[in-house]
Amino acid sequence: MKTLIRSVTLIITALIFPHSWANDQENIALSYLKRFGYSSCNDTPASTVKCSESFNEMLRDLQRYFGLNITGVLDAPTRSIINTPRCSMVDKPNPSLIHRLATTKWPRLSLTYRLDSYAHHTEITQAKQIEIIQEAFNEWSKHTPLKFKMVCDTCSADIVMQFVEGDHGDGHPFDEKTLAHAFPPNDGRIHFDLDDTWTESFDSPSNNEINLFLLAVHEIGHALGLEHTRNGESIMYPTYRLKKRSEVLAAVDQTEIQALYDSKTVQETFGSAKYIGETKNSVRHGYGQLVFENGNKYKGEWKNNQRDGYGVQINTDGKKYSGEWKNHLRNGHGACTWANGNKYVGEWKNDTLNGRGVHTWANGDKYDGEWKDGKRNGYGIQINVDGNVTNPIIPKELKDNHLIFTREDHKAWTIVPFNIY
Ligand SMILES: [Zn+2]
Ligand SMILES: [Zn+2]
């Protein structure tokens, strides 16, 4: 409605004062060009160097960016672009090489978000707005390993969405032409203009009703590190345009987001080994499952093609390990059970028992103590089911059925001359 009143006013003004109307249009165009990245001059009053650049040159840049005829004059198609509602992030028609090489992205793939406020001028209920925003996030996670989780109103979140109006304190006030904006990673702020009318309809031809889903997908794109593009197919095009729900992300958008965060899960086969999971730079990285050629299975975290992080391995011989891994080896805290009924819970290093741990044999015998390279070594106690305690000195303290060893009070457990594992 505001746009309509404005258009009518402009037409009337143009009829009565043709000269001042042209000036007005030029001023509107000039402020648009400066605001949205078509001016390389810095308007700071403190600047002593007078910056001059051609209005027509800036217009040419704008016309080139939006795929118009490059006339260098303020013609009707150019005015139409300038009057189309848009995102208020800049367009950067001539990015520097440094800028093109620099990428901003989140350092992790699981991100949280919250909604601080909701649209007012809308038929969309709050519950539906939440759903639409979630679907908008899903568009980006469909094609990447990114995961998004909504958190409570008061929880801290990576991405915070708000409906705000006018000058809302971040130096980027909204006006009747701007719809929304979002800051690049790792800022996470996404603002929608509270004064606009939002709809869930995909067939409202009017620019006075803005589809919330499409705008949200666009702004989340910025929040993930994408910038505006001159590619008219892309959701990252600066001006608002209706798109079909099913075609929201163009192939170019999928390529761009995957350039930042890699593609979603892949299925690959090495010999007869099969991997289903996340990759980065074409190696296993993230979460995934590998079935080795011998049939052993690992499901868990990967780093640079190696088991790293938390994971569970089940071997065809019945051995099962669940715990921490490093550089493809069992390392950290973990529990292992063997087909014969033996069990170990404790510390691992270099793929074997190292550090403190409890080993229980299938017959009930138990050793609780220190290990070195798979052997009982250091301080420990062996308690057998027949009642034999083979450690000559019983630890003094017994707390919550947990043996506490005190070095000063105990002699070293003699090295058992065989490898257990
Ligand atoms: Zn934008
Ligand atoms: Zn803002």
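Begin at Cys-155, which is partly exposed because its relative accessible area is 27%. The model on screen is a predicted one, and each stop below is a selection to make in it.

**The disulfide**

Add Cys-152 to the selection: the sulfur atoms of Cys-152 and Cys-155 lie 2.2 Å apart and form a disulfide. Cys-152 is likewise partly exposed, given a relative accessible area of 36%. Looking along the S-S bond of Cys-152 and Cys-155, one finds a torsion of about 105°, so the disulfide is right-handed. The count for the model comes to 1 disulfide.

**The loop at Ala-157**

Move next to Ala-157, which is placed in the loop between strand 3 (147–150) and strand 4 (159–164). Select its surroundings: setting aside neighbours within four places in sequence, Ala-157 is in contact with Thr-112, Tyr-113, Arg-114 and Val-151. A distance may also be drawn here, from the C-alpha atom of Ala-157 to that of Leu-115; the separation is 9.6 Å, although these positions lie 42 residues apart along the chain.

**The zinc site**

Now select the zinc ion (ligand 1) and its protein donors. These are the SG atom of Cys-87 and the NE2 atoms of His-218, His-222 and His-228, at 2.0 to 2.2 Å from the ion. Along the chain, the donors follow the spacing C-x130-H-x3-H-x5-H.

What is the arrangement of the 4 donor atoms around the zinc ion (ligand 1)? The angles that they subtend are 100 to 116°, and the arrangement is therefore tetrahedral. For reference, the ideal angle for four tetrahedral donors is 109.5 degrees.

Colour the donor residues by accessibility. Cys-87 counts as buried because its relative accessibility is 3%. His-222 is buried at 4% relative accessibility, and His-228 is buried with a relative accessible area of 9%.

**From Cys-87 into the strands**

Keep Cys-87 selected and display strand 1 (residues 86–87) together with strand 5: the two pair in the parallel sense over 2 bridges. The bridge partner of Cys-87 in strand 5 is Ala-180. From this zinc donor, the view thus passes directly to a bridge partner in strand 5.

Select strand 5 as a whole, residues 178–182. Is this strand mostly covered or mostly open? Strand 5 is mostly covered, with 5 of its 5 residues buried.

Extend the selection to strand 6 (residues 189–193), which runs antiparallel to strand 5 and is joined to it by 3 bridges. Ala-180 appears again here, standing opposite Phe-192 in strand 6. Strands 5 and 6 form a hairpin with 6 residues between them. In the turn, centre on Gly-188, whose phi is positive at about 90°.

**Arg-330 and strand 15**

For the last stop, select Arg-330, found in strand 15 (residues 329–337). Is this arginine, Arg-330, buried or exposed? Arg-330 counts as buried because its relative accessibility is 11%.

Display the residues around Arg-330. Apart from neighbours within four places in sequence, its contacts include Lys-319, Tyr-321, Glu-324 and Trp-325. Among the other contacts of Arg-330 are Trp-348, Lys-349, Asn-350, Asp-351 and Thr-352. Cys-336 is also in contact with Arg-330; select Cys-336 to end the tour, a residue that counts as buried at 0% relative accessibility.

Note on methods: Residues are numbered from 1 along each chain as its sequence is written. Chains are lettered from A and ligands numbered from 1 in the order in which they are written. This is a predicted model: local features need pLDDT of at least 70, side-chain atom pairs count only at pLDDT 80 or more; totals for chains, interfaces and linings use all residues. Side-chain values use heavy atoms; hydrogens and water are left out. Donors are N, O and S atoms within 2.8 Å of the metal (3.2 Å for Na, K and Ca); water is not among the atoms, so sites may look incomplete. Four donors count as tetrahedral if all angles lie between 85 and 135 degrees; four count as square planar and six as octahedral if opposite donors are over 155 degrees apart and all others between 65 and 115; anything else is irregular. Buried means under 20% relative accessible area, exposed over 50%, partly exposed in between (1.4 Å probe, protein chains only). Helices (H or I, at least four residues) and strands (E, at least two) are DSSP runs, numbered from the N terminus. Two strands pair if DSSP finds at least two bridges between them. Contact means heavy atoms within 4.5 Å. A disulfide is a pair of cysteine sulfur atoms within 2.5 Å.
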